Amino acid sequence: MLAAVACCLVGASFTANSVLGDYPHAGGQTLRYGLACLLLLHLLGRGALAPMRLLTARQWVRLALLAAVGMVGFNLAVLAAERTAEPAVPGVLVGCAPVVVAVVVPALDGRRPARAVVYGALLVAAGAMAVQGWGRTDAAGLLWSAAALAGEVGFAVIAVPLVRPLGARLLSTAACALAAVEAASLGAVLDGRAWLRTPDPAEAAALLWQAVVVTVIGFVCWYAAVHRIGAERATLFSGLIPVCTALTAPLVATGSHGWAQAGGSLLVGAGVALGAGARTRRPAAHGAQETAGAPEGGVSAPERAAARRPAG
């Protein structure tokens with residue numbers, strides 16, 4: 001449920017993005033992540049920042065990479081791709097993220113991918129492609145779309161070792177703080193004095209939606225899901241992003257529903273059901289062994305107890 005809520009919020013946010021095309025991108029990212037960081041700090045309990053002092057230099061580098069690749073870099077790549085490609089092109093490639101994560105995460109752990117997760121990821125990717133369709137593009141559009149795919153994968157994979165020591169809330173807070181600083185620095189270098197301006201009412205509403213709903217609520221839900229079920233299974237739910245985008249686009253007259261969207265949505269649902277429920281169908285003895293070591297994003301009994309406590 002946490003993963004589904006997070007991805008549905010992101011999918012609905014693409015409708016809000018349509019009014020931010022003329023706003024300085026780096027400045028918008030700075031406002032979005034800066035406001036989200038302030039809100040998240042308010043939600044953190046007393047002494048919740050203490051785990052930050054225990055992070056190693058390597059973990060700080062990983063946290064900075066998460067902000068640069070999975071947050072600021074991803075958004076930059078999507079915007080750059082849409083300069084020469086139709087929006088469906090980066091959308092289709094980003095929809096392949098479940099397949100990449102289903103293979104990469106087990107490889108990093110030195111184990112084989114779970115067949116059910118891989119098959120489910122393939123169904124999710126096919127469904128995402130059916131929902132969005134394909135569009136015109138050139139070589140630059142394809143390269144930037146591939147970069148957006150890398151950012152989406154990085155958002156899930158880079159964060160995996162940080163979720164347990166920091167918790168969902170603190171990880172989201174720290175990542176937003178670094179992303180705001182990185183976006184501001186990038187904007188000052190690339191756009192000079194024009195990197196930030198006062199948004200008009202429509203732009204302000206879109207930025208508030210991105211900061212409060214998508215970032216504060218969505219990020220916390222996402223990383224809480226990654227902590228509970230692992231990146232492989234959580235990323236399957238990213239197939240809901242294009243589905244929710246297709247459902248909300250007609251509200252602002254930027255899209256319509258059809259048989260392709262209906263069929264693609266069914267494929268996404270089937271893929272999520274197949275892959276996300278893979279572990280629950282295994283024999284009890286086998287599942288107990290895997291859960292004890294938590295190799296596929298599962299958690300042991302003490303960790304499950306800790307997971308019930310509020311993150312951060």
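These are my notebook entries on the fold, the cores and one bent helix of this chain.

**Entry 1, overall fold.** I worked from a predicted model, and I began by counting the secondary structure elements, which came to 13 helices and 0 strands in the chain. Reading along the sequence, I met an α element at every position of the pattern.

**Entry 2, burial and surface.** I then looked up how much of the chain is covered, and found that 49% of its 312 residues count as buried. For the exposed surface I noted about 14,700 Å², with carbon and sulfur atoms supplying 68% of that area. I also checked the contacts between residues at least 6 apart in sequence, of which 86% join residues at least 24 apart.

**Entry 3, nonpolar cores.** The largest nonpolar core has 65 residues, and I listed Leu63, Leu66, Met71, Leu171, Trp222 and Tyr223 as those with the most contacts inside it. Apart from that core I found another, of 5 residues, including Phe74, Ala77, Val78 and Val94. I went back to Leu171 and, leaving aside its neighbours within four places in sequence, recorded contacts with Leu63, Leu66, Ala159, Leu162, Val163, Leu166 and Tyr223.

**Entry 4, helix 8.** What span does helix 8 have between its end C-alpha atoms? I read 33 Å for helix 8, residues 160–191, whereas a straight helix of 32 residues would span 46 Å at 1.5 Å a residue. Looking along helix 8 for a bend, I found one of about 110 degrees at Gly167. Just after helix 8, I noted that Gly192 takes a positive phi of about 65 degrees.

Notes. Residues are numbered from 1 along each chain as its sequence is written. This is a predicted model: local features need pLDDT of at least 70, side-chain atom pairs count only at pLDDT 80 or more; totals for chains, interfaces and linings use all residues. Side-chain values use heavy atoms; hydrogens and water are left out. Helices (H or I, at least four residues) and strands (E, at least two) are DSSP runs, numbered from the N terminus. Buried means under 20% relative accessible area, exposed over 50%, partly exposed in between (1.4 Å probe, protein chains only). Contact means heavy atoms within 4.5 Å. Accessible areas come from the Shrake-Rupley method with a 1.4 Å probe; for residues, only the protein chains shown count as cover. A nonpolar core is a set of buried Ala, Val, Leu, Ile, Met, Phe, Trp, Tyr and Cys residues joined through side-chain atoms within 4.5 Å. The expected span of a helix is 1.5 Å times one less than its number of residues. The bend at a residue is the angle between axes fitted to the seven residues ending there and the seven starting there.
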